Amino acid sequence: MLSAIIRFSLRFRGVIFSLAVMVAGYGLFTLTRARLDVFPEFAPPMSIVQTAAPGMSSEQVEALVTQPVENALGGMTGLQSIRSRSMQGLSSVTLVFEDHANVMQVRQLVNERIGGLAGTLPAGVAAPQLLPLTTTTSVVRTIGLTSKTRSLADLYDIAQWTIKPQLLSTSGVADVIVFGGETRELQIQVDPAKLMRHGLSIQDVIAAARQATGVRGAGFIENSNQRIAVNADGQIATPQKLAGVVLRSSNGAAVRLGDVAAVTWGSAPSVGAASIMGKPGVMVVMESQYGTNTMAVTRGIEKTLAGLAPALARQGVDVNTDVFRPANFIDASISHLRTALIVGAVLVIAVLFLFLLNVRTAVISAAAIPLSLLVAIIVLTSFGVSLNTMTLGGLAIALGEVVDDAIIDVENIYRRLRENRALDQPIPAFRVVLRASLEVRSAVVFATFIVMLIFLPVITLTGLGGRLFAPLGIAYILAVLASLGVALTLTPAMALALLAKGPLPAREPRLIGRLKTRYVALLTTVEQHVKVVMAIVAAMCAAALAALPFMSGSFIPQLREGHYTVHMGLAPGTS
């Protein structure tokens, strides 16, 4: 079979060259459309349900909110585990499903379960909400807002009502969360003594305020010719007007809100704060949707922010866009792979030219590097695998094997063609290249499949390790398989086209001759002292095994993302 493949490639060289160009072009096109991410989707299918319970303590939230939510969601099919957190005023329930579960179907089932919960929860508790579906790394961009002329309340209003709606309209953004600042609100600060003096209760104040500030439809007026909608445009939006709301009227005397309470603008109780470069401000955190391209979403966000920049500058708002940008890590990973490719190609050309003194052999071997990696990228993207830290790492590791396949074939063909030229009756170059390729091809094929078998345990890993590291093994195996395919087809065809008719030296380079002489001497010495060599190897293996327990380990290496996160645990009630 190998002989038939190589013979076809040599006979129909034009077809092989055309296919190689087409594959390279399609690979470059695929590379521009590939989904780029920091990590593969290593988190299991999960859903998070949050329920706001204003005013409740942690114990009340757990007993009255979290427990009913858990009871309603606990019997779902495929549910692996359920965990919850009950905080002051907030309940959060996380559902983790089995690996094979469809995340979209899971969310539909969760929505059906929580749909009927709102009526069973205590009064004042909001309906349970299913949080947006995000990627594993979740946060795609974080920016900070500060100002020398604006208050924290103004910054919060700008972030909440100007920036957030624009960012949510950006393709791929799942949610926008605003931290810090001050939430502006109309506050009615009741004086209990005045309430008692007028014979009113706090419920009277709440009912009057709710009625005065609500927006309701006023219906319509209809006659025989037309129907006219009535618009009730009387919503109170200032403290002065709200203070004038009548609570009770008796004998021509009215008791107003301002008589029993101080009505003013104020800030809602803070649940968090933000500091940007040591200055109080507002932080805007953007999360990406599940399955989106992190780089594409980042570019869309940056385009939206660029459109908002002039308006924000006119309002005196300073935007710090460098708080957190995961795309920087992707840029660095791609840059490192690009550097590795360039260095690899330069080293291949330099080494082959140094040893063979022939530029054409270097070009043939160097051509296999990008083509093999592009084929691997085409297959990865076809199966929906993103280009991330792990897949790019697998491609980088495969560079050595990719180069090795091409060099072995080219060097043997070059040597056999040179020896054939020295014969009195040289045989056709076609047969020389075919024989030279077949001489080394069996060994290369066996070596390739052995290396692939070594990576099979990585692919078969289960749990978090499998989801995180399997893409690395898959990328490596695909690149090595593509390299084998290139070595079977393109490399012999290019060798026949570029080396068969060109000038070849009668002898091998002096450097190769000297190295062979020393290598033969080394092998002779080794063969004469087999037992000593085996003892040395055994001692080195034993030393390596003895040092293994003293080596440190970690789940993933230090990534040097350029930022760090500090988590602090504080006593309950800390503000």
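**Exercise 1. Determine which helix gives the most to the nonpolar patch, and place Leu19.**

Solution. Step 1: Helix α2 (residues 13–33) gives the most to the nonpolar patch, with 3 residues. Helices (H or I, at least four residues) and strands (E, at least two) are DSSP runs, numbered from the N terminus.

Step 2: The model is predicted, local features need pLDDT of at least 70, side-chain atom pairs count only at pLDDT 80 or more, and totals for chains, interfaces and linings use all residues. Residues are numbered from 1 along each chain as its sequence is written, and side-chain values use heavy atoms, without hydrogens and water.

Step 3: The patch lies on the surface and is formed by Phe8, Phe12, Val15, Leu19 and Met22, with about 480 Å² of accessible area together. Patch residues have over 30% relative accessible area and no salt bridge; like charges are joined within 9 Å, nonpolar side chains (Val, Leu, Ile, Met, Phe, Trp, Tyr) within 5 Å. A salt bridge is a side-chain nitrogen of Lys or Arg within 4 Å of a carboxyl oxygen of Asp or Glu. Areas follow the Shrake-Rupley method with a 1.4 Å probe, and for residues only the protein chains shown count as cover.

Step 4: Leu19 is located in helix α2. Leu19 counts as partly exposed because its relative accessibility is 45%; buried means under 20%, exposed over 50%, partly exposed in between (1.4 Å probe, protein chains only).

**Exercise 2. State whether Val140 is buried or exposed, and describe its surroundings.**

Solution. Step 1: Val140 belongs to strand β5 (residues 134–146).

Step 2: With a relative accessible area of 2%, Val140 is buried.

Step 3: Leaving aside neighbours within four places in sequence, Val140 is in contact (heavy atoms within 4.5 Å) with residues including Met286, Thr294, Ile301 and Pro326.

Step 4: Gly172 lies 32 residues from Val140 in sequence, and the two are 9.9 Å apart in space, C-alpha to C-alpha.

**Exercise 3. Identify the faces and partners of strand β1.**

Solution. Step 1: In a regular strand the side chains alternate between the two faces of the sheet.

Step 2: In strand β1 (residues 46–52), Ser47, Val49 and Thr51 make up the covered face, while Met46, Ile48, Gln50 and Ala52 make up the uncovered one.

Step 3: Strand β3 (residues 90–97) runs antiparallel to β1 and is joined to it by 7 bridges; two strands pair if DSSP finds at least two bridges between them. Thr51 stands opposite Ser91 in β3.

Step 4: Strand β4 (residues 129–130) is also antiparallel to β1, with 2 bridges, and Gln129 in β4 is the bridge partner of Gln50.
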